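Take a look at this protein model. We will start from one small feature and work outwards to the whole chain.

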Amino acid sequence: MSWGPEGHAIVADIAQAHLDSAAAAEVASLLKLEGLDRLDQISSWADGNRKEFPHTGTWHYVDIPLKAERYDAARDCKEGNCVVAKLDENVHVLADKSASPQARLLALKWVVHLVGDIHQPLHAEDNDDKGGNTVQVQFFGQGTNLHAMWDGGILRHALNLQPGPNYSFDHAAVQADAMTLDAAISPVQRANWATHNLLPQIADASIVWADESHMLARNVAYMDIDKPSGEAWSQRYQQKAWPVVQTRLEQGGVRLAEVLNEALD
Ligand code: ADE
Ligand code: ZN
Ligand code: ZN
């Protein structure tokens with residue numbers, strides 16, 4: 001799947017805190033169409049609809065072969081049905097003032113979600129294992145898989161979050177965690193992660209973000225997984241993976257804010 005609902009909410013909360021007044025007003029008026037008022041409330045909408053709209057299943061990731069150097073559109077994004085192309089597409093609908101409010105709200109739901117997913121390292125790779133979904137592990141005593149660890153297991157362990165039923169979670173607790181992560185972002189990081197004038201280059205930026213994820217999958221996620229079980233392994237893996245997860249959530253939030261500030265000016 002994707003980042004669990006907590007991961008998507010963290011990206012949305014960080015972005016929400018950095019919207020300029022014009023973007024905040026536009027976001028508010030789009031969300032109001034459905035009686036909502038915060039980005040975290042729509043951040044996992046796209047996952048809740050994967051059964052209803054099965055053709056959108058591949059939009060959440062891009063299977064760049066783990067051993068490949070980088071993204072190749074012809075090989076990895078056939079007919080534009082991958083996260084790289086869908087993010088670009090939806091950013092343009094969101095920025096289109098002549099599109100209907102309903103179409104722009106739908107695009108907003110996808111943009112908030114896909115900026116999150118493209119930053120999840122295992123959403124930009126495949127090692128003949130469905131992005132790690134078929135790699136079984138025992139993580140802190142629980143049977144799960146490598147992909148699910150990166151979607152949620154690692155961040156839930158670090159932040160001590162308990163998942164609820166049907167994508168539910170404690171929004172206030174997660175928002176507090178998001179603000180703690182946000183406070184750890186330095187001005188230099190903020191400036192480096194999201195350059196101004198991002199909108200005209202969003203197609204290229206999406207590729208850069210997917211390539212970053214793919215590189216992290218290669219250099220971190222797939223290291224030390226020959227015997228993925230036991231307390232010592234779990235501790236060791238958590239220690240190297242959490243800083244990466246943390247940075248990807250922060251980068252996702254900063255970049256989402258910049259995309260929204262430019263698309264909704
Ligand atoms: N299914 C196949 N590849 C996937 C990936 N990289 N991420 C999520 N789901 C997938
Ligand atoms: Zn997703
Ligand atoms: Zn996932």
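Phe-140 has a positive phi, near 45 degrees. This residue belongs to the hairpin of β1 and β2, where two residues lie between the strands. The model is a predicted one.

Now follow the two strands themselves. β1 covers residues 136-139 and β2 covers residues 142-145. They run antiparallel, joined by four bridges. One facing pair is easy to pick out: Val-137 of the hairpin sits opposite Thr-144, which belongs to β2. In a regular strand, side chains alternate between the two faces of the sheet.

Step back to the full chain. What does the secondary structure of the protein come to? The count is eleven helices and two strands. In sequence order the pattern reads α-α-α-α-α-α-β-β-α-α-α-α-α. The radius of gyration is 17 Å, and the globule rule gives 18 Å for 265 residues; the two values are close, so the protein is as compact as a globular protein of that length. Along the principal axes, the C-alpha atoms fill a box of roughly 55 × 40 × 40 Å.

Next, the packing. Of the 265 residues, 53% count as buried, meaning under 20% relative accessible area. Take the contacts between residues at least 6 apart in sequence: 75% of these join residues at least 24 apart.

Finally, the surface and the charges. The accessible surface comes to about 11,800 Å². Carbon and sulfur atoms account for 53% of that area. The protein carries 21 positive and 36 negative side chains. The centres of these two sets lie 3 Å apart.

Terms used. Residues numbered from 1 in each chain as written. Chains lettered and ligands numbered in written order. Predicted model: local features only at pLDDT ≥ 70, side-chain atom pairs only at ≥ 80, totals over all residues. Heavy atoms only, no water. Rg over C-alpha atoms; globule rule 2.2 N^0.38 Å. Buried < 20%, exposed > 50% of the residue type's maximum accessible area, 1.4 Å probe, protein only. Contact = heavy atoms within 4.5 Å. Areas by Shrake-Rupley, 256 points an atom, 1.4 Å probe, with all protein chains shown as cover. Lys, Arg positive; Asp, Glu negative; His and termini not counted. Charge placed at Lys NZ, Arg CZ, Asp CG, Glu CD. Pairing = 2+ DSSP bridges.
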